[in-house]
Amino acid sequence: MTALTKIEKLCAWYNEGNNVLDSLDLTLEKNTVVGLLGLNGAGKTTLINVLCGLHNDYRLGNSDTPKNYFRDNKFKENRYVVFSEDDSFGFFTFDEYIRYVFKTYKKKLNTELVEELIELFNFSSYRSVMIKELSLGNRKKVYLITGFALRTDLLLLDEPVNGLDFQSTEALYKLIKEYKEYGTVLFSSHILESVTLTADKVVILENGKITKTFEKDQINAENIRNSLDFERDDNK
Amino acid sequence: MIEVLSKKMLGERYSRAIKSVIIAFTVYIGLDSLEYKLNISTNVFLFSTFFFVVGVMIQALSSDDNAQYLKGFFSMPFEKNKVNTEYCTIMGMYILTARASLLFAVYFAFASPDVISVLMLILNFIFACLASMIIFAFLKTKFWISAITFIAGVAVAFLVNTNIYGIIIYAILTIAVIFPVMHIDPYRFMKNKTSKIKISSKTKSNHFLIQKYLLRYIFSNKSFIMNSLALIAFGCFFVKMFENATETNAVDFLPIGLAMISINTPFAIVISSNKKLREKLEVMPNKMSSFCIPYTMTITVFYLVCYAVYILALYFLGVKADLTAIISAVVFAIESAVIVCFLENKFPITKWSVETDLWHNPRKYIIPIVLMIQGFLIQFI
């Protein structure tokens, strides 16, 4: 497989000398689904923020990835992120938001695909409501539908399951699993089921480092649970 | 309630209030030392104060973080009368220290009012705070109550004479509104969420999306428009005041009035006020073409509309704008929009915990100061 992004010896911090991510190595292959698991405070959101170009205080060990790589316009055009909590563009309706995002990414809107996604997420009655008026779950659907419709090379999802109803969660799993046809998904989650059902690769973050990686047949709830149990024991 | 809310509005141990008062006092000392006196009509100042206080008080009462605070507070048991009294007192103190203190500093420094005017001004301020509570509480359900209260405040400010009877009238008026304020259902002060707003049918156009977004943002909150109107009214008052006081041609002060109108906070904090919007804009590509340019264009048009209303209002007050003023308006509108967009992009206000911090960040004075210097240079050099 070809690497989409290779991160070597990534250190990130909020207070100098206290690394939240500590010499973290991660290779994101093209067309794969990577699940990111870890306890609260393990550094999952910080890692996603670094990849989004939102975290200022970080250092990379590998010389072929320049410091501003994550803020480069070309990289941005190939990446979309769904935050765990989001209230941006609240005065847009879904239809306006998705049109705005496609225009910004200089892509042609695939209306057929959007309609399909709307159907899948059972969202049709909310598409003309201002985003700020929507409930947490419906707001999440706005950004998820946009992300899946945009089909960028890299789709980052920070805790995408939060706030979604049962039916939409099932739809989300299906979409994540199918996304590798178009690009790579990196998503963080607290829900074991979400990674076991969708990911090709599961990485466990512990104290800012990747302590375990599971691939293909190794990905099952028991293996991962055992690994997280060890992590919890180590933290005691 | 009083401890928590006062900490939020006036700062830890009243630190924010004390800071504002010190700034206002320093401004007063500075302006007073110029020994420049103006003949300002007490009625005009009473009206300006009433209009200004009602505007900023309603803006403070309707802020989102205030709504969040009240939601938490109302989930616990409370005494109706006590809540209303405390809420009004804290908000009044906040308006006095954070917003009106500078206005009073300028007035006292330039006008040197007598004791009767000062007493009337104090009573007018208290009345305006109480009236704002009534106006806000009934704005959506019984609009006529709000309208009558507002009209009464404006009418008294204009009609009352500056003498002992004026003080008595204001005292009676203030006492008369205390009772209704104390008995308003406190839940009326909660900003009710309206039902889901559906916007026309499916959007088919890719054009003017950001412009549409920004207009919806500015019209979403009545106080944003009130804020603009208040600034225009203040600009008119300023020009007329200097015309009367200096016997100079009023049109000479018009560009400075335009500069004052450019302290338009809502449009200048679109990015700063929403952390997630700021992050999204950073994360998405082509920010300049997709956001910055339409943002600048929208603000330019908005300022042009405000300036046009201002020039038109002055025309009805007998001040005719000359070509210099009209060219200044166009240049100022473009300039303000470019600076706002630059500041929001490069220096967004990030360290704020409550909306009021955001609204009072000194950054908002950069544009009017730059334009005022220009306005002064245009007219007097």
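In this predicted model, B:Ser228 is in contact with B:Asn264, B:Phe302 and B:Cys306, once its neighbours within four places in sequence are set aside. The residue belongs to helix 10 of chain B, which runs over residues 222-246. Its relative accessibility is 5%, and because buried means under 20%, B:Ser228 counts as buried.

The chain around this serine is built from helices. Chain B holds 17 helices and 0 strands. Its 381 residues have a radius of gyration of 21 Å, in agreement with the value near 21 Å for a compact globule. Along the principal axes, the C-alpha trace of chain B spans about 60 × 60 × 40 Å. Buried residues make up 53% of the 381 in chain B. Among the contacts in chain B with a separation of 6 or more, 85% join residues 24 or more positions apart. The accessible surface of chain B amounts to about 18,200 Å², and 70% of this belongs to carbon and sulfur atoms. As for charge, chain B carries 33 positive and 20 negative side chains, with the centres of the two sets 14 Å apart.

Chain A, in turn, combines 8 helices with 9 strands. For its 236 residues the globule rule gives 18 Å, and the radius of gyration of chain A is 18 Å, so the chain is as compact as a globular protein of that length. The C-alpha atoms of chain A fill a box of roughly 50 × 40 × 35 Å along the principal axes. Here 56% of the 236 residues count as buried. Contacts between residues 24 or more positions apart account for 67% of those in chain A with a separation of 6 or more. Chain A exposes about 10,400 Å², of which carbon and sulfur atoms supply 44%. The mean positions of its 31 positive and 36 negative charges are 4 Å apart.

A good place to start in chain A is its open sheet, where 3 strands follow the order 2-1-4 with antiparallel pairing. Strand 2 (18-29) and strand 4 (58-59) stand at the edges of this sheet; each has a single partner strand, so one side of each is left without a neighbour in the sheet. Strand 1 of chain A, residues 3-15, pairs with strand 2 over 8 bridges in the antiparallel sense. Towards strand 2, A:Ala3 has A:Glu29 as its bridge partner, while A:Ala12 stands opposite A:Leu21. The two strands form a hairpin with 2 residues between them, and A:Gly17 in the turn has a positive phi of about 90 degrees.

A:Leu21 also provides a reference point for A:Lys44: the C-alpha atoms of these two residues, 23 residues apart along the chain, are separated by 9.0 Å. A:Lys44 is placed in helix 1 of chain A (residues 44-52). With a relative accessibility of 5%, A:Lys44 counts as buried. Beyond its neighbours within four places in sequence, A:Lys44 is in contact with A:Leu36, A:Leu37, A:Gly38, A:Leu39, A:Glu159, A:Ser188, A:Ser189, A:His190 and A:Leu205.

Helix 3 of chain A brings both chains into the picture. Of the 11 residues in this helix (residues 94-104), 10 are buried, so the helix is largely enclosed by the rest of the structure. The buried residues include A:Phe94, A:Tyr97, A:Arg99 and A:Thr104. Within chain A, the buried residues of helix 3 pack against strand 5 (79-82), helix 4 (111-120) and helix 5 (136-150). In chain B, they pack against helix 9 (209-220), helix 13 (275-283) and helix 14 (287-316). Helix 3 is followed by A:Lys106, which has a positive phi, near 55 degrees.

Helix 5 of chain A, one of the elements packed against helix 3, contains A:Leu144. At 0% relative accessibility, A:Leu144 counts as buried. Not counting residues up to four places away in sequence, A:Leu144 touches A:Val82, A:Phe121, A:Leu157, A:Pro160, A:Leu164 and A:Leu172. The C-alpha atoms of A:Leu144 and A:Phe214 are separated by 26 Å, with their positions 70 residues apart along the chain.

Notes. Residues are numbered from 1 along each chain as its sequence is written. Chains are lettered from A and ligands numbered from 1 in the order in which they are written. This is a predicted model: local features need pLDDT of at least 70, side-chain atom pairs count only at pLDDT 80 or more; totals for chains, interfaces and linings use all residues. Side-chain values use heavy atoms; hydrogens and water are left out. Helices (H or I, at least four residues) and strands (E, at least two) are DSSP runs, numbered from the N terminus. The radius of gyration is taken over C-alpha atoms; the globule rule is 2.2 Å times the number of residues to the power 0.38. Buried means under 20% relative accessible area, exposed over 50%, partly exposed in between (1.4 Å probe, protein chains only). Contact means heavy atoms within 4.5 Å. Accessible areas come from the Shrake-Rupley method with a 1.4 Å probe; for residues, only the protein chains shown count as cover. Lys and Arg count as positive and Asp and Glu as negative; His and the chain ends are not counted. The place of a charge is taken as NZ of Lys, CZ of Arg, CG of Asp or CD of Glu. Two strands pair if DSSP finds at least two bridges between them.
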